[in-house]
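Please take a moment with the sequence and the model before reading on. The paragraphs below lead through a few places in the chain, one after another.

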Amino acid sequence: MTNADVLSALSLINTRANAGAEAAKLKLYAGTAPANIDTALSGNTLLATHTMTDPAFAAPVDTAPGGSMTANAIASDTSIDATGTLTFGRITDSNDLDVYQVSLAEIMVGTTAYVAGAISAVTALVITMPEI
């Protein structure tokens, strides 16, 4: 992929995340991450659901080689749903359609040890895509 392709792919992720009438969501899970976004969840535990800003991301930037895109503000989840160890996340549009699977390398959280009823805060989410 060329650098222009990378920036277009990142823009497409943002466009898909912003589909629907409301803001995108960042859902955080425990358990083995599926192979990719097209693979259904299997035995994963939903730990927290965060509402993203609309639009979800700032414009992609050229990091030559490649590109990156940083999420706009992400609201805290004020009551974690379940106790478990955070292993991955998924960005969905407001209709809960999966858009992008997030690795722990892409999200900044205070801890990966989640306790039901506690607060989950995401301080940063950056998607980086290389030229290949």
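**From a loop to a helix and its partners**

Asparagine 18 counts as buried, because its relative accessibility is 19% and the cut-off for buried is under 20%. The model in which this value was computed is a predicted one. As for its place in the chain, asparagine 18 sits in the loop that runs between α1 (3–17) and β1 (25–30).

What does asparagine 18 touch, once residues up to four places away in sequence are not counted? The residues that asparagine 18 touches under that condition are Thr53, Asp54, Pro55 and Ala56. With threonine 53 one can compare two kinds of separation, for asparagine 18 and threonine 53 are 35 residues apart in sequence, while in space their C-alpha atoms are 9.1 Å apart. The side chain of asparagine 18 also reaches back along the chain, to the backbone oxygen of asparagine 14, at 2.8 Å.

Asparagine 14 leads us into helix α1, where it is one of the buried residues, together with Asn3, Val6, Leu10, Ile13 and Ala17. These buried residues lie on the same side of α1, because they cover an arc of only 95° around the axis. The face turned away from that buried side carries Ala4, Leu12 and Thr15, which are exposed. What do the buried residues of α1 pack against? Their partners are the strands β3 (61–62), β4 (67–70), β5, β6 and β9 (122–129). The helix itself has 15 residues, and from its first C-alpha to its last it reaches 21 Å, close to the 21 Å expected at 1.5 Å a residue.

Asparagine 3, which is found in helix α1, is a good residue to look at more carefully. It is buried, with a relative accessible area of 15%, and its side chain makes a polar contact of 2.9 Å with the side chain of glutamate 131. If neighbours within four places in sequence are left aside, asparagine 3 is in contact with Asp62, Ala64, Pro65 and Gly66, as well as with Glu131.

We turn now to charged side chains. How many salt bridges does the count come to? The count comes to three salt bridges, and one of them is the meeting of the side chains of lysine 25 and aspartate 96, at 2.9 Å from N to O. This pair links distant parts of the chain, since lysine 25 belongs to strand β1 and aspartate 96 to the loop between β5 (84–92) and β6 (98–102), 71 residues apart. Aspartate 96 counts as partly exposed, because its relative accessibility is 37%.

The side chain of aspartate 96 also meets that of lysine 27 in a salt bridge, again with 2.9 Å from N to O. Here too distant parts of the chain are linked, with lysine 27 in strand β1 and aspartate 96 in the loop between β5 and β6, 69 residues apart. Lysine 27 is buried, with a relative accessible area of 14%.

In another salt bridge, the side chains of arginine 90 and aspartate 98 meet at 2.9 Å, N to O. Is each partner buried, partly exposed or exposed? Arginine 90 is buried, with a relative accessible area of 2%, whereas aspartate 98, at 31%, is partly exposed. Salt bridges that share partners join Lys25, Lys27 and Asp96 into one network.

Notes
Residues numbered from 1 in each chain as written. Predicted model: local features only at pLDDT ≥ 70, side-chain atom pairs only at ≥ 80, totals over all residues. Heavy atoms only, no water. Helix = DSSP H or I, 4+ residues; strand = E, 2+ residues; numbered from the N terminus. Buried < 20%, exposed > 50% of the residue type's maximum accessible area, 1.4 Å probe, protein only. Contact = heavy atoms within 4.5 Å. Polar contact = N/O pair within 3.5 Å; in protein donor to acceptor, adjacent residues only side chain to side chain. Salt bridge = Lys/Arg side-chain N within 4 Å of Asp/Glu carboxyl O. Expected span 1.5 Å × (residues − 1). Arc of directions from axis to C-beta.
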